[in-house]
Amino acid sequence: MQQESADGVPEYSDPLHATWSSVELIVSHGPSQPQPQPQPQPQPDAEPDAASAAPVRESVPAPEPEPGSPGTTRPPVLETPWHSGSKPPMYPPVPQGLPSVGADPEAAVLPDIVVDGAAYGPLTVRAVSVRGDSHRYLGEPRQDALCVTRIGSPGAGEMLLLAVADGVGSAPRSHIGSNEVCRLAAIYLDREAVGLSAALDAGDGRAFAELADKVVGQIAALVTDRAVSAEHDPGAYATTLRALLVPLDPAVRSRGFLAVGDGGTSLLREGAWQLDITGEEGEGSGMIDTRTSALPFARTAVTRLLGPARPGDVLVLCTDGLSTPLAGEPEMREFLGAAWGSGDIPGPADFLWQAQFRVKSYDDDRTAVVLWEGTA
């Protein structure tokens, strides 16, 4: 049932039941084909000219146009994202109100949606960050951020860095903090790439944790300095961070994980979800922990060495805008399991559409970086 809160923001209390309807591509059959015209007949006493003497050929209809080709009324489209429940959420599933440049220039230039991806040998990545319905409704910026890049020198020690950050909702400059933390993580993890790569190669969790803590401490200090120099409270930039380091050497099957604060790290293997592969307290419960640790106050990270990775594995690193409904909604797990675990890797546009599977009352920003493990 739809209700309205005191500030006019729609709220929902309906139970959720999956009612997916298939998407139809509707195309016209183009203009009708011209009908054969009667040929002129020669006069009885006249010699037939060359045209009238030629054999008459029947008109052959032209083939119908393919969907999306000239002559159709509309191109094929992905249509509205699917949803769980008997009715979709009341918010429109498209970008809405924009932040004002006059109020916050840095918020105003943040895009509503970011889509990214990469492929390196057997590894394929898709990434997306989408502004949540509540932020769209209120004309607020997307507070989530993501990072997909390469760190380390070319060669055996090179790694993919996959990261997501979730700006704390109550922190007024957390949209800046989340993007800044992703940028700094790339810079300072790159500086420690040799040691981090060696730790992953050797399966040395302690060495990996020490280097991860060093980097987190550097990020925290730099974000704090930025806040102080701008005469802001450092807490205004509060954000979480979750990162995955993936060696490009196919012989190294360990993946390094580090996190400050909540979010999700899940594994889709042989069609089955494992929602809590990092063993963090509260992860996979479907509950939001408002007491989560955050940068720039935290100086240490939760770390894990994950693996060994298997061909066909799908690793999902995400903010709680996805991890919470994924843990609590079987319909979403079924949908994304089919979309991401079928063996076919979606293109960026399809991945964006899939990641926007909608669930009532889950209106936070949603960010996910997904890694497909191929065969070396």
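**Figure 1. The largest cavity encloses about 240 Å³ of space.** This is a predicted model. A search of the whole structure finds 4 cavities of 30 Å³ or more. The largest cavity has a lining of 22 residues. Nearest its centre lie Asp133, Gln356, Arg358, Tyr362 and Arg366. Sorted by class, the lining of the largest cavity holds 10 nonpolar, 3 polar and 9 charged residues. Rolling a probe the size of a water molecule over the atoms shows where empty space is left.

**Figure 2. The second largest cavity has a volume of about 40 Å³.** Its lining includes three prolines, Pro99, Pro111 and Pro141. Leu98, Ala107 and Leu110 also line the second largest cavity. So do Asp112, Arg131, Glu140 and Arg142. By class, 6 residues of this lining are nonpolar and 4 are charged. How many are polar? There are no polar residues in the lining of the second largest cavity.

**Figure 3. Strand β9 covers residues 264-269 and is largely enclosed by the rest of the structure.** Why is β9 described as largely enclosed? The reason is that 6 of the 6 residues of β9 are buried. In a regular strand the side chains alternate between the two faces of the sheet. In β9, Gly264, Ser266 and Leu268 point one way. Thr265, Leu267 and Arg269 point the other way. All of these residues are buried.

**Figure 4. Strand β9 pairs with β12 and with β10.** β9 and β12 (residues 314-318) run antiparallel and are joined by 5 bridges. Across from serine 266 stands valine 316 of β12. β10 (residues 272-274) also pairs with β9 in the antiparallel sense, over 3 bridges. Which residue of β10 is the bridge partner of leucine 268? That partner is tryptophan 273. β9 and β10 form a hairpin, with 2 residues between them. In the turn, glutamate 270 has a positive phi of about 55 degrees.

**Figure 5. Trp82, Phe335, Trp353 and Phe357 form one aromatic cluster.** The structure holds 7 aromatic pairs. Another ring, that of tyrosine 188, has the charged end of arginine 191 over it. The distance from that charged end to the ring centre is 4.5 Å.

**Figure 6. Two cis peptide bonds are shown, one before proline 296 and one before proline 308.** Leucine 295 is joined to proline 296 with omega about 10 degrees. Proline 296 lies in the loop between β10 and β11 (302-306). Glycine 307 is joined to proline 308 with omega about 5 degrees. Proline 308 sits in the loop between β11 and β12.

**Figure 7. Glutamate 231 and serine 361 have positive phi values.** Neither glutamate 231 nor serine 361 is a glycine. For glutamate 231, phi is about 60 degrees. Glutamate 231 is in the loop between α6 (205-229) and β7 (241-247). Is glutamate 231 buried or exposed? With 74% relative accessibility, glutamate 231 counts as exposed. For serine 361, phi is near 75 degrees. Serine 361 lies in the loop between α9 and β13. Serine 361 has 47% relative accessibility and counts as partly exposed.

**Figure 8. Aspartate 365 lies 9.6 Å from arginine 136, C-alpha to C-alpha.** In sequence, aspartate 365 and arginine 136 are 229 residues apart. Aspartate 365 is in the loop between α9 (348-355) and β13 (366-373). Aspartate 365 is buried, with a relative accessible area of 0%. Proline 348 lies in helix α9. Proline 348 is partly exposed, at 40% relative accessible area. From proline 348 to aspartate 116 is 7.0 Å in space, C-alpha to C-alpha, and 232 residues in sequence.

How values were computed: Residues numbered from 1 in each chain as written. Predicted model: local features only at pLDDT ≥ 70, side-chain atom pairs only at ≥ 80, totals over all residues. Heavy atoms only, no water. Buried < 20%, exposed > 50% of the residue type's maximum accessible area, 1.4 Å probe, protein only. Helix = DSSP H or I, 4+ residues; strand = E, 2+ residues; numbered from the N terminus. Pairing = 2+ DSSP bridges. Phe/Tyr/Trp six-rings, centres within 6.5 Å; stacked < 30°, edge-to-face > 60°. Lys NZ or Arg CZ within 6 Å of the ring centre and 35° of its normal. 1 Å grid on protein atoms, 1.4 Å probe; cavity = no way out; pocket = protein on both sides within 12 Å on 5 of 7 lines; lining within 4 Å. Points joined across faces, edges and corners; volume = space filled by probe spheres on them. Nonpolar A, V, L, I, M, F, W, Y, C, P; charged D, E, K, R; others polar.
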